[in-house]
Amino acid sequence: MSMKTDRREILRSACWLPLAPLARWADAADSTTEAAKADYVLRIANGLVELSPEHIVSTTLYNGQFPGPLVRMQEGQRFVVDIHNDTDTPELVHWHGQMIGSEVDGAAEEGTPFVPPHGMRRVAFVPRPSGLRFYHTHVVARGDLNRGMYTGQAGAVYVEPRNNPGAYDREIFLVLKEFAPAFSRGGDMASEALPGEPVAQLRRLGEEADRQAPPQKGFEVGYDLFAINGRMLGSGDPIRVKPGERILLHVLNASATEIRSLALPGHRFQVIALDGNPVPRPAEVPVLWLGTAERVSALVTMNHPGVWILGDLADDDRRHGMGIVVEYAGHRGKPQWAKPGAFRWDYTAFGIPGGAPAEPDETIEITIVKNNAALNGFNRWTLNGEAFSMDAMRPLYTLQRGRRYRLKLRNASDDIHPVHLHRHSFELTRIAGKATRGVLKDVVMLGGFQEADIDFLADNPGMTLFHCHQQLHMDFGFMALFRYA
Ligand SMILES: [Cu+2]
């Protein structure tokens with residue numbers, strides 16, 4: 001098929017030409033007449049994943065594998081990807097955590113065109129910022145468990161920094177993901193994950209919404225199979241280590257709906273980056289917690305020889321595959337698990353202590369309410385009283401370029417919401433009543449009946465989507481669109 005190149009892309013490549021080496025010059029010059037070679041080719045198609053010899057699932061994949069291949073890009077160096085869609089339905093690839101244009105970001109709500117069924121779309125952008133990013137589908141699934149993040153369309157991106165100090169021996173990427181989803185009425189929530197007390201006013205708001213809703217709970221999604229890097233615990237190769245080795249773990253939660261945890265008996269994690277952004281205060285923790293789409297980069301010093309399970313705290317999920325074996329050289333035997341002591345995941349532990357954040361130019365308050373089973377058995381989510389309509393696509397708020405905004409998020413539900421802002425990083429400035437600064441993220445877990453303030457600089461014009469990354473929440477109202485003036 002012929003390649004579509006829009007005028008903006010041609011202009012961009014023309015600007016790039018004088019800086020490019022000779023070989024690229026020849027490539028790019030050809031692009032005015034025929035397709036230049038892409039830096040990367042991504043193919044979306046159905047395929048099989050062998051989670052274990054007994055569990056082989058069929059789902060939609062990137063380049064026939066789960067996780068999708070680790071895509072490495074250079075910070076600031078233009079990257080061209082050809083996305084082929086071999087499925088029967090339109091697709092979108094979202095470049096999560098990158099400050100790029102709305103036309104390539106990968107959200108239909110922002111105006112990114114779909115990759116048509118059995119078609120191809122070329123996207124080009126300048127990757128930034130450096131660090132652990134994420135690429136995944138951004139289509140609406142609603143009641144279809146073969147669409148959206150319920151599929152295997154997820155992979156890690158690593159944007160190589162211009163200079164990397166690299167105080168570690170080895171990097172290991174871990175992608176956490178469940179398979180074989182099914183709906184049920186009601187579900188459980190990792191209530192022991194986050195610190196802080198519920199806010200009484202938010203609890204009252206939630207109770208009031210419950211009184212107006214049907215007595216039955218809305219649908220939730222559960223899973224039968226759990227895997228790290230597409231292999232159930234015990235099925236894949238172990239992580240083989242030597243005493244004294246310093247391993248940098250890059251962990252990505254690619255779940256559609258679940259909050260995940262990880263612990264490694266006898267070891268601690270020194271968290272150095274959250275969502276790919278270095279934290280101001282690297283701190284040691286016994287457990288990692290990650291909301292959907294969150295990433296944690298943590299150093300582990302291998303100083304406790306044995307054969308261990310690096311696994312989820314939830315016994316049931318770990319026994320159904322959410323873990324990977326860590327095996328020291330010369331050690332054999334059954335991998336050991338030990339439940340860590342009580343621990344709450346506090347983002348402020350990685351922030352600048354006693355930090356008083358800069359005052360924003362404007363504050364936007366967003367109150368989140370759940371209407372139980374209001375949409376054919378699914379929960380409906382409203383932001384300031386309104387469920388996002390994908391027909392109307394009405395922007396909630398207009399941003400002025402150069403201004404600093406504070407989103408004051410108020411959760412009047414008992415669910416934890418991993419909320420995500422596209423195309424910008426935000427700074428956590430207050431979470432569960434605690435002020436902080438210096439922690440830059442693109443997803444943050446907002447606790448049940450809790451509040452969080454996140455600040456961002458409006459410095460990337462274009463339509464910008466804000467939503468909960470829990471697929472069931474974003475598909476049923478928990479979204480807002482910002483536009484630039
Ligand atoms: Cu949510």
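## Copper site and strand E7

His473 is buried, at a relative accessible area of 2%. Buried means under 20% relative accessible area, exposed over 50%, and partly exposed in between (1.4 Å probe, protein chains only). His417 is buried too, because its relative accessibility is 0%.

This is a predicted model, in which local features need pLDDT of at least 70, side-chain atom pairs count only at pLDDT 80 or more, and totals for chains, interfaces and linings use all residues. Residues are numbered from 1 along each chain as its sequence is written, and side-chain values use heavy atoms, with hydrogens and water left out.

Both histidines serve the copper ion. Its coordinating atoms are ND1 of His417, SG of Cys468 and ND1 of His473, at 2.0 to 2.1 Å. Donors are N, O and S atoms within 2.8 Å of the metal (3.2 Å for Na, K and Ca); water is not among the atoms, so sites may look incomplete. Along the chain, the donors of the copper ion are spaced H-x50-C-x4-H. The pair His417 and His473 links distant parts of the chain, 56 residues apart: His417 lies in strand E24 (residues 417–421), His473 in helix H6 (residues 471–475). Helices (H or I, at least four residues) and strands (E, at least two) are DSSP runs, numbered from the N terminus.

Now strand E7. It spans residues 131–137, and 7 of its 7 residues are buried. Its pairings are tabulated here; two strands pair if DSSP finds at least two bridges between them.

| Partner of E7 | Bridges and direction | Opposite residues |
|---|---|---|
| E5 (residues 93–96) | 4 bridges, antiparallel | Val93 and Thr137 |
| E8 (residues 154–160) | 6 bridges, antiparallel | Leu132 and Tyr158 |
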